[in-house]
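Let's take a look at how some helices in a protein chain sit against one another. Keep the 3D view open while you read, and find each piece as it comes up.

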Amino acid sequence: MSENKNELGRKLGLGAVIALGVGTTVGSGIFSSLSEVANAAGSSLFLVLAFIIGGLLQIPANFVYSELASAYPEDGGQYVYFREAGSRPLAFLCGWISFWATDPPSISIMALAIVNYLAFFIPIHGLVLKLVAVVFVLIFMGVHIRSVEGGGKFQTIITALKILPFGLFNLQGDILLSSAPLEGYATSGIAALIAGIAATTWSYDGMGAACYMSGEIKNPKKNMPLGLILTAVIVLALYAGLTFVASGILSIDEMAK
């Protein structure tokens, strides 16, 4: 009986799996890294192709996560997978690195990116801007600590809000998917495309976020694989659409800046 009381409730469905993956991936990363990919790819056409190919390369990783999440449907993600592979030291290091080295910088970067965009509309800067970023982190943390179901619904709502504005733009046909090179850009051809693909990595990080909560997903052997695969397809479609729209609003030189 005591073991059952300590088990986490499986309260999240397929929609939450998709919202966790899409919402975690489609955050500040795509908007913050667009200029980096533009600089690497060197043209609007290669910018769009880089995101498409970069997304296709991520799909096999999600297949692997699908298999692992089905085999070990419990909270912990990579920690659990290393542990079950027979290496408790690696499992410990994985958790330790996530807690101290990878997650805090990622959360900080995303929070600062949010308030920097907010500062475009509201005159905040300096210390005030950083304090607002801290408040955002605390609010999001509080929502998820208070309720798993509430956190799942909140994630679904903000994911929808991020997706809805994607099509509300007027595109300029003369620059849409232009192959005109970036000003002063020397690299061309396959080398430029590969550089652009490599630069998309940060934007696709987070698609396996639901694996950390496998222990709270209903029917994980079905919902985890389906959710992770749909996440990869949805994120790829969104990024392809977003970069397509961006290529018709700004020239490659403007995006690079």
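What follows is a short tour of helix contacts, ring pairs and a few loop residues.

## Before we start

One thing to keep in mind: this is a predicted model. The tour keeps coming back to helix H10, which covers residues 220-249, and to helix H4, which covers residues 44-71.

## H2 against H10

Start with helix H2, residues 14-25. Its axis and the axis of H10 come within 8 Å and cross at roughly 40 degrees. That angle makes H2 oblique to H10, and the crossing is right-handed.

Which residues actually do the touching? On the H2 side they are Leu 14, Val 17, Ile 18, Gly 21, Val 22 and Thr 25. H10 brings a list that includes Asn 223, Leu 226, Thr 231, Ile 234 and Tyr 239. Sort the residues of this contact by class and you get 12 nonpolar, 5 polar and no charged.

## H4 against H10

Now swing over to H4. The axes of H4 and H10 come within 9 Å and cross at roughly 175 degrees. Angles over 145 degrees count as roughly antiparallel, so H4 is roughly antiparallel to H10. The residues in this contact come out as 18 nonpolar, 8 polar and 1 charged.

You can also check how this part of the chain comes together by picking out Leu 226, which lies in H10. Leu 226 and Ser 66 are 160 residues apart in sequence, yet their C-alpha atoms are 7.8 Å apart in space. Is Leu 226 buried, partly exposed or exposed? Its relative accessibility is 37%, so Leu 226 counts as partly exposed.

## H4 against H9

H4 also meets helix H9, which spans residues 189-199. Here the two axes come within 8 Å and cross at roughly 60 degrees, which makes H4 oblique to H9. The crossing of H4 and H9 is right-handed.

From H4, the contact uses Phe 46, Leu 49, Ala 50, Ile 53, Gly 54 and Leu 57. From H9, it uses Gly 189, Ala 192, Leu 193, Gly 196 and Ile 197. By class, that's 8 nonpolar, 3 polar and no charged.

## Rings that pair up

How many aromatic pairs does the structure hold? There are 6. One of them is made by Phe 51 and Tyr 239, with 5.8 Å from centre to centre and 80 degrees between the planes, so it counts as edge-to-face. Phe 51 sits in H4 and Tyr 239 in H10, so this pair links distant parts of the chain, 188 residues apart.

Both of these residues, Phe 51 and Tyr 239, are buried. They also belong to something bigger than a pair: ring pairs link Phe 51, Tyr 204 and Tyr 239 into a cluster.

## Two loop residues with positive phi

Finally, hop out to the loops. Leu 177 is in the loop between helix H8 (148-163) and H9. Its phi is near 50 degrees, a positive value in a residue other than glycine. With a relative accessibility of 33%, Leu 177 counts as partly exposed.

Asn 219 is found in the loop between H9 and H10. Asn 219 isn't a glycine either, and it has a positive phi of about 45 degrees. Its relative accessible area is 45%, so Asn 219 is partly exposed.

Key. Residues are numbered from 1 along each chain as its sequence is written. This is a predicted model: local features need pLDDT of at least 70, side-chain atom pairs count only at pLDDT 80 or more; totals for chains, interfaces and linings use all residues. Side-chain values use heavy atoms; hydrogens and water are left out. Axes are lines fitted to C-alpha atoms, for helices over the stretch in contact, and angles run from 0 to 180 degrees between N-to-C directions. Helices (H or I, at least four residues) and strands (E, at least two) are DSSP runs, numbered from the N terminus. Angles under 35 degrees count as roughly parallel, over 145 as roughly antiparallel, 65 to 115 as roughly perpendicular and the rest as oblique. A crossing is left-handed if the near helix is turned anticlockwise from the far one by less than a right angle, and right-handed if clockwise. Contact means heavy atoms within 4.5 Å. Ala, Val, Leu, Ile, Met, Phe, Trp, Tyr, Cys and Pro count as nonpolar, Asp, Glu, Lys and Arg as charged, and the others, Gly among them, as polar. Rings of Phe, Tyr and Trp (its six-membered ring) pair if their centres lie within 6.5 Å; planes under 30 degrees apart count as stacked, over 60 as edge-to-face and the rest as tilted. Buried means under 20% relative accessible area, exposed over 50%, partly exposed in between (1.4 Å probe, protein chains only).
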